[in-house]
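Trainee: I would like to go through this structure step by step. Please start with the term I need for contacts.

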Amino acid sequence: MADEYHFDRRKYLVTTAVGIAPLAGCTDDPSEEDRDTEPDSRDEESVQEVTENDSGDGDSNQEETEPVTDEEEEVQDQEESEDSVMTLRFDGGESDPDYVEFSISEARLRLGSAYTLEWLISPDDLTEMSHREHYTLFEAQEEVATERILLYGDGSIEFYSRDGSRVTRTESDVIIEDSMQRLSIVYGTSADRRKVFVDGDLKEIHEDYTPLYSHIDNTADLRLGVDDNNENPFAGVMGDFRLFANDEPKSEEWISEHADKDLTDREYYESEDFVIYFRFDNEDNMSQVKNYTSYSVESEIRGAEYVEYTPSR
């Protein structure tokens, strides 16, 4: 940015000097003879003086045009690195889809009746899909039932159950393409219904109630990015996946307050309701996902690749 500012400023000063110098000379009221012989030399001196000052030979503009030092660039790079998070990129390929498969080693999830699921997601190519086409964001499959969370081409989110319970879908444009957003899904008690949040803001509430707890336990196969038929694969980036299970879902206030927070502090990961926390930063084993909670989780990354994401300032 310093170079661009320097370039624009120099162009402005040189143009100003050439245009104003003759007018400025008139204020000295020289003789007619002087006017015929001196203006050109004054113009050249003015342009030369401005050019020399702006090139760094003078002192007047030194602070404004001083380039960024190596130390300053290093500090800036470090700040951006601290803000960045690791994510997974899914290519959306139909023949060999990318996805993450995982299971929970304990029967913890049967004990709860309310769930909160959260992701960072940045989908690709939504505008190229119809309102009937969709990506699979999450799936929980048992022998007799499957629960899915789907993202459609019109930006709507659907709760899908394959056991005969009601399927519900939000309005369009809840999610947009090529932009990282925090999607929060709540399966609440009958009073809380189903809720959809984006970046901590409540977008929609559904009046029907189908509890998720009957579809997830330690025997369930869980997936991110594709369904159990390896169809409708997700294309884009996912990160910071969270799953909470308890008798009550996370409140609207909690979701809003923690949308952008790092939850690796002890006060979070030792909480009994915090079952899964995937940050996709397991550098020791890039084929598995490290779980940052107290629960044992088996996982495998199929095809999806680690990428670094830095939020816009």
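Mentor: Two residues are in contact when heavy atoms of theirs lie within 4.5 Å. Keep in mind that this is a predicted model.

Trainee: What share of the contacts with a separation of 6 or more comes from residues 24 or more positions apart?
Mentor: The count takes in contacts in the protein chain with a separation of 6 or more. Among these, the share from residues 24 or more positions apart is 66%.

Trainee: How many helices and strands does the protein chain have, and what percentage of its residues count as buried?
Mentor: The secondary structure comes to 7 helices and 15 strands. The protein chain has 313 residues, and the part that counts as buried is 44%.

Trainee: In what order do the 7 strands of the open sheet lie?
Mentor: The pairing in this sheet is antiparallel. Its edge strands, β7 (168–169) and β14 (297–302), each pair on one side only. The order is β7-β6-β5-β4-β11-β2-β14.

Trainee: Which residue in β14 is the bridge partner of V100?
Mentor: Strands β2 and β14 run antiparallel and are joined by 6 bridges. For V100, the bridge partner in β14 is I301.

Trainee: Which residue in the turn of the β9 and β10 hairpin has a positive phi?
Mentor: Strand β9 (residues 194–198) pairs with strand β10 (residues 201–206) in the antiparallel sense, over 5 bridges. One of the bridge partnerships is that of R194 with H206 in β10. The hairpin has 2 residues between its strands, and the turn residue with a positive phi, about 55 degrees, is D199.

Trainee: How many aromatic pairs are there?
Mentor: Ring centres must lie within 6.5 Å for rings of Phe, Tyr and Trp to pair. By this rule the count is 13.

Trainee: What kind of aromatic pair do F102 and F241 form?
Mentor: Their ring centres are 6.0 Å apart and the angle between the planes is 65 degrees. Planes over 60 degrees apart count as edge-to-face. The pair of F102 and F241 is therefore edge-to-face.

Trainee: How many residues apart are F102 and F241?
Mentor: F102 is in strand β2 (residues 99–104), while F241 is in strand β12 (residues 235–246). The pair links distant parts of the chain, and the separation is 139 residues.

Trainee: Are F102 and F241 buried or exposed?
Mentor: The cut-off for buried is under 20% relative accessible area. F102 has 2%, and F241 has 0%. Both values are under the cut-off, so F102 and F241 are buried.

Trainee: Which residues form one aromatic cluster with F102 and F241?
Mentor: F102 and F241 belong to one aromatic cluster. The other members are W119, F138, F278 and F280.

Trainee: Which residue lies over the face of Y99, and which has its charged end over the ring of W254?
Mentor: At 4.4 Å from the ring centre of Y99 lies R223. For W254, the charged end is 4.5 Å from the ring centre and belongs to K250.

Trainee: Is M86 buried, exposed or partly exposed?
Mentor: M86 is in strand β1 (residues 85–91). Partly exposed covers relative accessible areas between the 20% and 50% cut-offs. M86 has 25%, so it counts as partly exposed.

Trainee: How far apart in space are M86 and D281?
Mentor: Leaving aside residues up to four places away in sequence, M86 touches R279, F280, D281, Y306, V307 and E308. M86 and D281 are 195 residues apart in sequence. In space, C-alpha to C-alpha, the distance is 5.7 Å.

Technical notes:
Residues numbered from 1 in each chain as written. Predicted model: local features only at pLDDT ≥ 70, side-chain atom pairs only at ≥ 80, totals over all residues. Heavy atoms only, no water. Phe/Tyr/Trp six-rings, centres within 6.5 Å; stacked < 30°, edge-to-face > 60°. Helix = DSSP H or I, 4+ residues; strand = E, 2+ residues; numbered from the N terminus. Buried < 20%, exposed > 50% of the residue type's maximum accessible area, 1.4 Å probe, protein only. Lys NZ or Arg CZ within 6 Å of the ring centre and 35° of its normal. Pairing = 2+ DSSP bridges.
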